[in-house]
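Here is a structure to read alongside some questions. Try each question before reading its answer.

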Amino acid sequence: MHRLFLRPLLAALLLAGSLVAAAPAWAAVTITFWSHELGNSFPHAFFTLRGTPDAGGAPVDVNYGFTAKAITPKLLMGTVGGRLDISKPFYIAGSDAQFAVVLSDAQYAQVLALIAAWDDKTGDGRYNLNSRNCVHFVKEAARIVGLSGLDQPKLMKKPRSYLKAVAAANPGRVTPVNLRGKAYLASLPPLAATPVMVVSPATVPVESTRTAADLVPAQ
């Protein structure tokens, strides 16, 4: 996917619908937190945003993570260049959806502001393996959501363990999902209209032909 799609639209786009099985009952904005264990592809922690704005407008179906611009030994030495990343469909399908939270309009706007703040084009794109990595990025999103138990120093390089610890610290405030990405995506109801992909905060959205079904790779 073209990097231009990484620019968030700083406006309120929200989520509606319902999920089956372990997925949450969706209303307004729903943010789902994901982990991807090990491997040479990044990020290992990210979140998805999907649905239709409460205030009206086109639905959105996007994901955001944060990663280093280049995977080199310099990562072990300190701060390097970082960037937002939108994961490819096969990567999401092979990841694990840990838990979901329904957001208010104000919270969703704050999440979009967070995305812009970490974007190397519109904000601070510094990446540091020890203090500003993909887990720190999702931690800040969870802080906006109002979750507790976010300070887990020993888990900041362990996406799955970190997200499970956060979920355990917030019973009744998060909806556990605990599904492989392919199963979770298959459980999502269709959106009411074709979702948009955000080009830039300064431009209007453009239509995307991607649907939830497109995110599930063929057998």
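The questions below concern a predicted model and deal with its nonpolar cores and one of its strands.

Q: Which element gives the most residues to the largest nonpolar core?
A: The largest nonpolar core has 40 residues. Elements giving two or more residues to this core include strand 1 (29-35), strand 2 (45-51), helix 2 (105-118) and helix 3 (134-145). With 8 residues, the one that gives the most is helix 3.

Q: Is strand 1 largely enclosed or largely open, and how many of its residues are buried?
A: Buried means under 20% relative accessible area. On one side of strand 1, Val-29, Ile-31, Phe-33 and Ser-35 are buried, and on the other side Thr-30, Thr-32 and Trp-34 are buried too. Both faces are therefore covered. Strand 1 is largely enclosed by the rest of the structure, because the number of its residues that are buried is 7 of 7.

Q: Which residue of strand 2 is the bridge partner of Trp-34?
A: Strand 1 runs antiparallel to strand 2, and 6 bridges join them. Strand 1 also pairs with strand 5 in the antiparallel sense, over 7 bridges. In strand 5 the bridge partner of Trp-34 is Ala-97, and in strand 2 the partner is Phe-46.

Q: Which residues of helix 3 (134-145) are in contact with Ile-31?
A: Ile-31 is among the residues with the most contacts inside the largest core. Leaving aside neighbours within four places in sequence, the contacts of Ile-31 include Phe-47, Leu-49, Phe-99 and Val-101. Helix 3 covers 134-145, and the contacts of Ile-31 in that range are Ala-141 and Val-145.

Methods
Residues numbered from 1 in each chain as written. Predicted model: local features only at pLDDT ≥ 70, side-chain atom pairs only at ≥ 80, totals over all residues. Heavy atoms only, no water. Core = buried A, V, L, I, M, F, W, Y, C linked by side-chain atoms within 4.5 Å. Buried < 20%, exposed > 50% of the residue type's maximum accessible area, 1.4 Å probe, protein only. Helix = DSSP H or I, 4+ residues; strand = E, 2+ residues; numbered from the N terminus. Contact = heavy atoms within 4.5 Å. Pairing = 2+ DSSP bridges.
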